[in-house]
Amino acid sequence: MRYLQVFILFLLFFAASGCSLFKPKPTPPEKVSIRDIVKEQGYKIIVYFDVNSDELSLTSKDSIMRTAKLLAVSDTEAYLTGFADKTGNKEDNVVLSEKRVNAVKDYLINLGIAERNIYTDYFGDDLPVEDAETPEAFAKNRRVELLLTSKIEEAVVINAEASKATIAALKVVQQRKAEQTNNETAITNYE
């Protein structure tokens, strides 16, 4: 009888201490494909640039390369929006932000991504992510935002909590894409 009491105390001690003998086996996590993640949540990276430069750094190339792999295996499109800081004049900043977007776009194309899956826009020093006039804020504004998503309409929803700059940029791209589709339809109807 004494041995039975000791054995029961022993079992209770192990149960109380979290012994795995008494725990249910955990269920394995549900497998989710990268296609589903990109389609449902989108995927965004930001590529930063040096002052007055449109050259891609090694770190940026690595990020873009990983993004290109996602773009290649999923049914998505890439939306590139370019920006500059406020240190130059407005016209030069627009040109610089366009060069930055094209640098990222060209790199994606060189990695084998079809140009038809890449949409671009650029905003110069409009739509800053940081309004402060500090070197840190300027550095954050010298960027290209690369977003992968299945449709531009979904991109706006996905980024509802994103910066105002990102939302405004996506809405402009959405509007331009709609205009392009309307123009193509008008040409087809004319023929």
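# Strand E2 and its surroundings

Visitor: Why is strand E2 described as largely enclosed by the rest of the structure?

Guide: Six of the six residues of E2 are buried, so the rest of the structure largely encloses this strand. Buried means under 20% relative accessible area, exposed means over 50%, and partly exposed lies in between (1.4 Å probe, protein chains only). Before we go on: this is a predicted model, where local features need pLDDT of at least 70 and side-chain atom pairs count only at pLDDT 80 or more, while totals for chains, interfaces and linings use all residues. Residues are numbered from 1 along each chain as its sequence is written, and side-chain values use heavy atoms, leaving out hydrogens and water.

Visitor: Which way do the side chains of E2 point?

Guide: Glu77, Tyr79 and Thr81 point one way, Ala78, Leu80 and Gly82 point the other way, and all are buried.

Visitor: What makes Glu77 count as buried?

Guide: Its relative accessible area is 15%. The cut-off is under 20%, so the label "buried" fits. Glu77 touches, among others, Leu71, Asn117, Tyr119 and Lys177, leaving aside residues up to four places away in sequence. A contact here means heavy atoms within 4.5 Å.

Visitor: What makes the link between the side chains of Glu77 and Tyr79 a polar contact?

Guide: The distance is 2.4 Å. A polar contact is a pair of N or O atoms within 3.5 Å; within protein, one must be able to donate a hydrogen and the other to accept it, and residues adjacent in sequence count only if both atoms are side-chain atoms. The 2.4 Å is inside that limit, so the name applies.

Visitor: How do you know that E2 pairs with E3, and in which sense?

Guide: Two strands pair if DSSP finds at least two bridges between them. E2 (residues 77-82) and E3 have five bridges and run parallel, so the condition is met. Gly82 has Tyr122 as its bridge partner in E3, and Thr81 stands opposite Asp121 in E3. On E2's pairing with E4, six bridges join the two strands, which run antiparallel; there Tyr79 stands opposite Leu147. In general, strands of a sheet pair through backbone hydrogen bonds, either parallel or antiparallel.

Visitor: What makes E1 and E3 edge strands?

Guide: The four strands form an open sheet with the order E1-E4-E2-E3 and mixed pairing. E1 (43-48) and E3 (118-122) each pair on one side only, and they are the edge strands. Neighbouring strands are turned by 15 degrees against each other on average, with direction ignored. Helix H3 (residues 58-73) packs on this sheet, touching E1, E2 and E4 (143-149), and its direction makes about 155 degrees with that of E1. Helix H4 (residues 90-110) also packs on the sheet, touching E1, E2, E3 and E4, at about 165 degrees to the direction of E3. Such axes are lines fitted to C-alpha atoms, for helices over the stretch in contact, and angles run from 0 to 180 degrees between N-to-C directions. Helices (H or I, at least four residues) and strands (E, at least two) are DSSP runs, numbered from the N terminus.

Visitor: How do you know that the span of H4 agrees with what is expected?

Guide: The expected span is 1.5 Å times one less than the number of residues. For the 21 residues of H4 that should be 30 Å, and the end C-alpha atoms are 30 Å apart, which agrees. At the start of H4, a side-chain oxygen of Asn89 comes within 3.2 Å of the backbone nitrogen of Glu91. Just after H4, Gly112 takes a positive phi of about 100 degrees.

Visitor: Why is Asn52 called exposed, and what about Leu127?

Guide: Asn52 has 62% relative accessibility, and the cut-off is over 50%, so Asn52 is exposed. Leu127, at 26%, falls between the two cut-offs and is therefore partly exposed. Asn52 sits in the loop between E1 and H3, with a positive phi of about 55 degrees although it is not a glycine. Leu127 lies in the loop between E3 and helix H5 (135-141), and its phi is near 60 degrees, a positive value in a residue other than glycine.
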